[in-house]
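Trainee: I am new to this structure and would be grateful for a close look at a single part of it, namely the nonpolar interior and what surrounds it. Please explain how that part is put together and how it relates to the rest of the chain.

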Amino acid sequence: MILKEVFRASWKSILSNKSRSLLTMLGVIIGVAAVIVMMAISAGTEATISDAITGLGSNLLFVRTAMMRGGPGEPGANRVSLVYEDLTAISEQISGVAGVTADQTSSVTIKFDSNSIEDVSLVGTTPDFTVVRDVEVDEGRFITENDVDRTQKVVVLGYAVAEELFGATDPIGQLVTVGDVRLTVIGVMKEKGLVSGVNFDEQIYTPITVVFSKFVPNQFARIFGNDIRMIYVSVDENANLDEVSNQIMLLLAKRKNVTVDDGYFTIQSQDDIIETQESTTESFRNLLAWVAGVSLIVGGIGIMNIMLVSVTERTREIGLRQAIGATPADIQIQFLSEAVMLSLLGGLLGVLGGIGGSYLFGQFGGMRTVIVPYSIALSFTSAALVGIFFGYMPARRASQLDPIDALRHD
């Protein structure tokens, strides 16, 4: 049998039962679309996390305390933690460092005249904050080393805070009340928005020494130093990230009189965090793909059932074809091609539905979606394989019918 004639006959058979053919393809359509949409959601989540981490700054290292033994005031305690003085040590003693900063936060109420904003995040930080965290000043200036060293009572406002508190009034030089402390506004930050769950526009910035002394005082600071939860290190583009990381680890171990193997500190790069997130989302994406793939199997079972019904309905037709010279192989190819065409057509409609569904979900679903090209190829190929696998049994059954019995069938 000529292949062209096979496909023509298969297409004619599909068109002769449009409603049944569409319902038969429905499982494949849903399965293919589900695979594409699920993988697009997962890839979108992964891209959002990656952008958020990258948006924290460029070429960053995150230095944290992994464990703390003892506590302030405990006699004989071996207390190992990051303190503010470690910033200066890293900045002065480690080569290849473009900037070092830390932040100490507190929730405050800020007031100016009759206007006030509650639960504003006060960030005590250092001059390198703008370099490390990739933020810019729109008006005025940022905190300087002199401000930090002298514990100057100054503040830089986030874009949204300045808008809400001052409106059209120039905030530079104005006195605001932050908690119970009067601070002078020296600058306003450029609009940055939400990055990694932090809205930079709704924060205010002051020298970290001001926060230590006025907002989170520590009576043991003179003995142990002021604790900080994390140090952000921006590495120079020409420096080796791993080498700088190792230098910092050795420096901290020496300063705390411990060994690197003790595991008191951890240093992660942005790439490390992104890789960790990607491994998690990849497992999640694979799970979603397998769950969605079940729909393809269900669709394949539907194709098999309909093709078996079709064989029964067309038994006399099969007998006539055999009587005029069609071989069992011709009959098998005929019915197998119908099953494959149903799967391919369903796969094509599923691809269109998946792409459209991913776009609509990204627009109105509140989650970012990124269409993964290989998911289209994977789902469409799977649809073709489903057609071949589940269409084989009905096609084989049709090819094994006895011509005489088939012609006698009513």
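Mentor: Let us begin with the outside before turning inward. The protein exposes about 20900 Å², and carbon and sulfur atoms supply 55% of that area. This is a predicted model, and the protein in it has 14 helices and 13 strands. Of its 410 residues, 46% are buried. Among the contacts with a separation of 6 or more, 79% are between residues 24 or more positions apart.

The part you ask about is the largest nonpolar core, which has 41 residues. Those with the most contacts inside this core are Val63, Ile90, Tyr205, Ile228, Ile231, Val233 and Ile248. Helix α9 (residues 241-256) supplies the largest share of the core, six residues. In soluble globular proteins, nonpolar side chains tend to be buried together.

Isoleucine 248 offers a good point of entry. Leaving aside neighbours within four places in sequence, isoleucine 248 is in contact with Leu61, Val63, Ile90, Ile94, Val233 and Ile267. Two of these partners, Leu61 and Ile267, are also touched by serine 245, again not counting residues up to four places away. Serine 245 is found in helix α9 and, at 14% relative accessibility, counts as buried because the limit for a buried residue is under 20%.

The strands come next. Strand β1 (residues 60-65) is joined by five bridges to strand β12 (residues 230-235), and the two run antiparallel. In this pairing valine 63 stands opposite isoleucine 231 of β12; both residues are listed with the most contacts inside the core. β1 also pairs with strand β13 (residues 265-269), in the antiparallel sense and over five bridges. Here phenylalanine 62 stands opposite glutamine 268 in β13. In a regular strand the side chains alternate between the two faces of the sheet.

Apart from this core lies another, of 24 residues, among them Ile14, Met307, Leu342 and Val351. Nonpolar residues also appear at the surface. A nonpolar surface patch of about 500 Å² is made by Leu22, Leu344, Leu348, Leu349, Leu352 and Phe380. Helix α12 (residues 328-364) gives the largest share of the patch, four residues. Phenylalanine 380, by contrast, is found in helix α13 (residues 373-399), and its relative accessible area of 31% makes it partly exposed.

Charged pairs complete the picture. Side chains of opposite charge can pair when their charged atoms come close. The count comes to six salt bridges. One of them joins arginine 133 to aspartate 103, with the closest N and O atoms 3.5 Å apart. Arginine 133 lies in the loop between α4 (129-132) and β5 (137-140), and aspartate 103 in the loop between β2 (97-102) and β3 (104-112), so the pair ties together parts that are 30 residues apart in sequence. Both arginine 133 and aspartate 103 are buried.

A further salt bridge is formed by the side chains of lysine 190 and glutamate 136, at 3.3 Å from N to O. This pair links distant parts of the chain, 54 residues apart: lysine 190 is in the loop between β8 (181-189) and β9 (194-195), and glutamate 136 is in the loop between α4 and β5. Lysine 190 is partly exposed, with a relative accessible area of 39%, and glutamate 136 is partly exposed as well, at 47%.

Aspartate 147 and arginine 141 also meet through their side chains in a salt bridge, at 2.7 Å from N to O. Aspartate 147 counts as buried, at 3% relative accessibility, whereas arginine 141 counts as partly exposed, at 36%. Arginine 141 has its place in the loop between β5 and α5 (145-149). Not counting residues up to four places away in sequence, arginine 141 touches Asp147, Val156, Ile186 and Gly187. Glycine 187 is 46 residues from arginine 141 in sequence, yet their C-alpha atoms are 4.9 Å apart in space.

Finally, we return to the helix with which the account of the core began. Asp86, Arg255 and Lys256 are linked in a network of salt bridges, and helix α9 covers residues 241-256.

How values were computed. Residues numbered from 1 in each chain as written. Predicted model: local features only at pLDDT ≥ 70, side-chain atom pairs only at ≥ 80, totals over all residues. Heavy atoms only, no water. Core = buried A, V, L, I, M, F, W, Y, C linked by side-chain atoms within 4.5 Å. Buried < 20%, exposed > 50% of the residue type's maximum accessible area, 1.4 Å probe, protein only. Contact = heavy atoms within 4.5 Å. Pairing = 2+ DSSP bridges. Salt bridge = Lys/Arg side-chain N within 4 Å of Asp/Glu carboxyl O. Patch = residues over 30% accessible without salt bridge, like charges linked within 9 Å, V, L, I, M, F, W, Y side chains within 5 Å. Areas by Shrake-Rupley, 256 points an atom, 1.4 Å probe, with all protein chains shown as cover.
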